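I wanted a quick look at how this one is packed inside. These are my notes, in the order I went.

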Amino acid sequence: MNLKISYYKNGLLSIHRGIAFGAPSNAKPLYFLAIIKGIEDGVLLGNKITYENKLKAIYEELCAQYEPNRKAAPYFKPFFHSIREIYYDIKWKGGQIPDHKWHTPSPKFLKENIEYAHLDDGLWDLLQDQSVRIEFRELIVNHYLKTENK
């Protein structure tokens with residue numbers, strides 16, 4: 001197996017998830033699926049995920065599809081909190097995160113202070129291959145989103 005693919009698979013299987021309504025949140029796995037779909041649909045043409053893009057609608061559609069009976073986490077939460085993952089980072093205006101006292105910034109703060117978010121270049125390059133996108137999508141769905149009742 002390609003070591004780079006294995007590295008990112010391990011990262012995807014180790015997503016840090018919070019607890020929402022007494023169960024682990026799937027906001028970040030769903031957000032990553034939205035990124036994959038955004039690449040496939042031509043919404044993301046480069047490795048710059050701006051807060052003001054069509055990815056929010058894709059994220060909300062995927063939340064409704066995979067967790068129809070669960071209230072979806074607002075888009076700004078996985079957009080910001082994915083910075084805890086090995087494959088994702090945010091480019092702040094001015095080069096660094098502004099002073100803050102919050103755990104989760106508001107959407108207004110994100111719009112005003114973030115240039116864009118981005119994936120590691122290695123992961124972005126891998127996701128340009130349809131077979132890798134399919135493999136990663138199946139990995140996420142099977143690991144986080146499938147229940148025994150489906």
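The entries below go from confidence to the core, then to a ring pair, a helix and a loop residue.

**Entry 1: confidence.** I'm working with a predicted model, so I checked the scores before anything else. The protein averages a pLDDT of 91, with 95% of the residues at 70 or above. By element, helix 2 comes out highest with a mean of 98, and strand 1 (residues 19-20) lowest with 86.

**Entry 2: the core.** I pulled up the largest nonpolar core and got 46 residues. The members touching the most others are F32, I49, F79, Y88 and F136. Helix 2 (residues 27-40) gives this core its largest share, 9 residues. That fits the general habit: nonpolar side chains in soluble globular proteins tend to be buried together.

**Entry 3: F79 and its rings.** I picked F79 from that list and asked what it touches. Leaving out residues up to four places away in sequence, I got Y31, I49, T50, Y51, Y88, I90, L110, I114 and A117. Next I went for rings, and found 11 aromatic pairs in the structure. In the Y31–F79 pair the ring centres are 6.3 Å apart and the planes sit at 75°; over 60 counts as edge-to-face, so that is what I call this pair. Y31 is in helix 2 and F79 in helix 4 (residues 76-81), so the pair ties together parts 48 residues apart in sequence. Y31 and F79 are both buried. Ring pairs also join Y31 and F79 with Y51, Y59, Y75 and Y88 in a cluster.

**Entry 4: helix 7.** I took the span of helix 7 (residues 130-145): its 16 residues cover 21 Å from first C-alpha to last, close to the expected 22 Å. Which of its residues are buried? I noted V132, R133, F136, L139, I140, V141, Y144 and L145. The cover over them includes helix 1 (3-13), helix 2, helix 3 (55-66) and helix 6 (121-126).

**Entry 5: N47.** I wanted a polar residue too, and went to N47, in the loop between helix 2 and helix 3. Buried or exposed? Its relative accessibility is 14%, and the cut-off is under 20%, so N47 counts as buried. A polar atom of the N47 side chain lies 2.8 Å from the backbone oxygen of L119. The N47 side chain also makes a polar contact of 3.5 Å with that of D121. Again skipping residues up to four places away in sequence, N47 touches Y116, A117, H118, L119, D120, D121 and W124.

Notes. Residues numbered from 1 in each chain as written. Predicted model: local features only at pLDDT ≥ 70, side-chain atom pairs only at ≥ 80, totals over all residues. Heavy atoms only, no water. Core = buried A, V, L, I, M, F, W, Y, C linked by side-chain atoms within 4.5 Å. Buried < 20%, exposed > 50% of the residue type's maximum accessible area, 1.4 Å probe, protein only. Helix = DSSP H or I, 4+ residues; strand = E, 2+ residues; numbered from the N terminus. Contact = heavy atoms within 4.5 Å. Expected span 1.5 Å × (residues − 1). Phe/Tyr/Trp six-rings, centres within 6.5 Å; stacked < 30°, edge-to-face > 60°. pLDDT = per-residue confidence, 0-100. Polar contact = N/O pair within 3.5 Å; in protein donor to acceptor, adjacent residues only side chain to side chain.
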